[in-house]
Amino acid sequence: MQKLNKIILYCRSGFEKECAAEITDKASQQEIYGFAKVNEKSGYVIFECYQDNNAEILVKTLSFRTLIFARQMFVAGDLLSNLPANDRITPIVETLSGCIDKAGDLRVEVADTNEGKDLASFCRKFTVPLRQALRNKRLLLKVTNPSRPVIHIFFISSNCCYAGYSYSQNNSPFYMGIPRLRFPSDAPSRSTLKLEEAFHIFIPYEEWEERLHGGLNAVDLGACPGGWTYQLVKRSMMVYAIDNGPMDEKLMATGQVKHYREDGFKFTPKKHNIYWLVCDMVEKPAKVTELIAKWLINGWCRETIFNLKLPMKKRYEEVKNNLQLLKKELNNKQINVQIQAKQLYHDREEITVHVQRIWG
Ligand SMILES: C[S@@+](CC[C@H](N)C(=O)[O-])C[C@H]1O[C@@H](n2cnc3c(N)ncnc32)[C@H](O)[C@@H]1O
C-alpha cells in the first residue's frame, strides 16, 4: 500500500507562490512540516509532508474554508508517471486500494491552464472506464453520495497523474474547485460574476433566503457601471450606488438604485438600515481594510463583501497583514465577526473577503 504523503492544491495560475506560502504557514501552525514544490504558472502546488500520515491528518483537520489561495485541496501519493496508454487504470487503482473505501464521487481533473484545457476531453472520456473499475473494487460507491469522500485523479499530462481523495465536508464541492456560472446577458459588466461567485462560496445555500432576500438595503462603493449592483437588484434589494462614474441605465430604470456621485471613502449612510456593504474600489488594500473596519465598528452594515486588489510582490503577507489588522481593530472594539477570504475563480490580481457581524 502506497503512503499518501502529499497535499495537492489547485490555484489560479500565477499564484502558486502565494498558495505555497499559505499552506506552509497554516500547516506549521498545526505543527505539520513539509516543503511546497512550486512550478510557476502551473496552476497547482504540491506540499510534501516530512512525516508519514501527516498529509492525511492535514487534509482532514486544516479547514479548507480558511485557505485563501487554494481552490481545492486533497491528499495524494507520488506522481504516477509513464502510465501505459493501454492501461492507465491499474496503477491508479493500486494507489488508491487500502487508502480509500466507498468514496462518494470521482473527479478526473486538470490544472486551470492552457495545457490543462488540452487534456480536458481525454479526462472526460477516461472517467467512464475508471469509474467502472473503481466501483468493481468497491473503492467507489455505485451511486454518487455527497457525504462520502471524493476521489481526485489529477492529470498533468496524458501519462502522468496524481491519485488521491478529499473529504466532502472539507473541500470545494466544485469540479476543479471552480463554480460554473453563466454570465447574465443583461448585466452591465463581467465583474458581476465575482459577487455572484462570492455568494456561492461564502453563504450557505440554506441561508440565502434569510441573508440575500428582497427588501434588504445595500450599499455598493465603487459601483459603476453596476455589475455588483446588478446582483443585489436581481435579488430585489434596494441599493445605494456610490461612484463618480455613470451607472447602467437599465439598472437605474428598475427604481431600486439610488446613485450618489460621491467619494466612497467619505460616504456615510443616512439611516442605520443597511444590511449589505459591497466594495470593489481599486485602492490600496490597507485603505480599503480601514474603511471596512470603520463601517463595521460604526454598525453601518451587518455583512460585507469586498475586494482587496493585490500588489505585485509579497501578496500572501499583504493579505495576512490586512486580515490581521481587521481582526485586531474589531476585537479591540469587542465586535464579534466571522471573516472568510478567497481568491475566487473570477478574481484576477485580487482576493475577495466576506465579513459577517455576529451578535450574542
Ligand atoms: C472595478 S470598478 C467597479 C466595477 C463594479 N463592481 C461592477 O461590477 O461594475 C471600480 C470602480 O470604483 C470607482 N472608484 C474608485 N475610487 C473611488 C472612490 N474613491 N469613490 C467612489 N468610487 C470610486 C471607479 O470609478 C470604478 O467605477
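In the predicted model, Val59 has a relative accessibility of 0% and therefore counts as buried, since the cut-off for burial is under 20%. The residue belongs to helix H2, which covers residues 54–61. Beyond the residues up to four places away in sequence, Val59 touches Ile7, Met73, Phe74, Val75, Tyr165, Tyr167 and Asn170. One of these partners, Val75, stands 16 residues from Val59 in sequence, and the two C-alpha atoms are 6.2 Å apart in space.

Pro146 presents the opposite case with respect to solvent. This proline is placed in the loop between helix H4 (114–136) and strand S6 (150–157). Its relative accessible area is 71%, and Pro146 is therefore classed as exposed, a term that applies over 50%. From the C-alpha of Pro146 to that of Ser191 the distance is 30 Å, with 45 residues separating the two in sequence.

The chain as a whole contains 10 helices and 14 strands. Its radius of gyration is 22 Å; a compact globule of 360 residues would have a value near 21 Å, so the chain agrees with that expectation. The C-alpha trace spans about 65 × 45 × 40 Å along its principal axes. Of the 360 residues, 55% count as buried. The area that the chain exposes is about 16800 Å², of which carbon and sulfur atoms supply 49%. When contacts between residues at least 6 apart in sequence are considered, 67% of them join residues at least 24 apart.

Burial can also be followed along a single element. Helix H7 comprises residues 227–234, and seven of its eight residues are buried, so the helix is largely enclosed by the rest of the structure. The buried members are Gly227, Trp228, Thr229, Tyr230, Gln231, Leu232 and Val233. After H7 comes Ser236, a residue with a positive phi near 65 degrees.

Charged side chains were examined next. The chain carries 50 positive and 41 negative side chains, and the centres of these two sets lie 2 Å apart. The number of salt bridges amounts to 16. Two of the pairs share Lys194. In one, Lys194 is joined to Asp280, with 4.0 Å between the closest N and O atoms. Lys194 is part of helix H5 (residues 192–202), whereas Asp280 is in the loop between strand S11 (274–279) and helix H9 (285–297); the pair therefore ties together parts that are 86 residues apart in sequence. In the other, Lys194 is joined to Glu350, and here the closest N and O atoms are 3.2 Å apart. Because Glu350 is in strand S14 (residues 350–357) and Lys194 is in helix H5, this salt bridge ties together parts that are 156 residues apart in sequence.

The three residues of this group were also assessed for accessibility. Lys194 has a relative accessible area of 9% and is therefore buried. Asp280, with a relative accessible area of 15%, is buried, and Glu350 is buried at 5%.

A further salt bridge is formed by the side chains of Glu283 and Lys287, with an N to O distance of 3.6 Å. In this pair, Glu283 counts as partly exposed because its relative accessibility is 29%, and Lys287 is likewise partly exposed, with a relative accessible area of 40%. Elsewhere, salt bridges link Lys6, Lys37, Glu48 and Asp78 in a network.

Glu109 provides a contrasting example of a charged residue. It is found in strand S5, which runs over residues 105–109. Glu109 is buried but has no salt bridge. The nearest side chain of opposite charge is that of Arg107, at 4.6 Å; a salt bridge requires a side-chain nitrogen within 4 Å of a carboxyl oxygen, so this pair is not counted as one. Apart from neighbours within four places in sequence, the contacts of Glu109 are Tyr10, Cys123, His152, Ile153, Phe154, Phe155, Phe174, Tyr175 and Met176.

Terms used: Residues numbered from 1 in each chain as written. Predicted model: local features only at pLDDT ≥ 70, side-chain atom pairs only at ≥ 80, totals over all residues. Heavy atoms only, no water. Helix = DSSP H or I, 4+ residues; strand = E, 2+ residues; numbered from the N terminus. Rg over C-alpha atoms; globule rule 2.2 N^0.38 Å. Buried < 20%, exposed > 50% of the residue type's maximum accessible area, 1.4 Å probe, protein only. Contact = heavy atoms within 4.5 Å. Areas by Shrake-Rupley, 256 points an atom, 1.4 Å probe, with all protein chains shown as cover. Lys, Arg positive; Asp, Glu negative; His and termini not counted. Charge placed at Lys NZ, Arg CZ, Asp CG, Glu CD.
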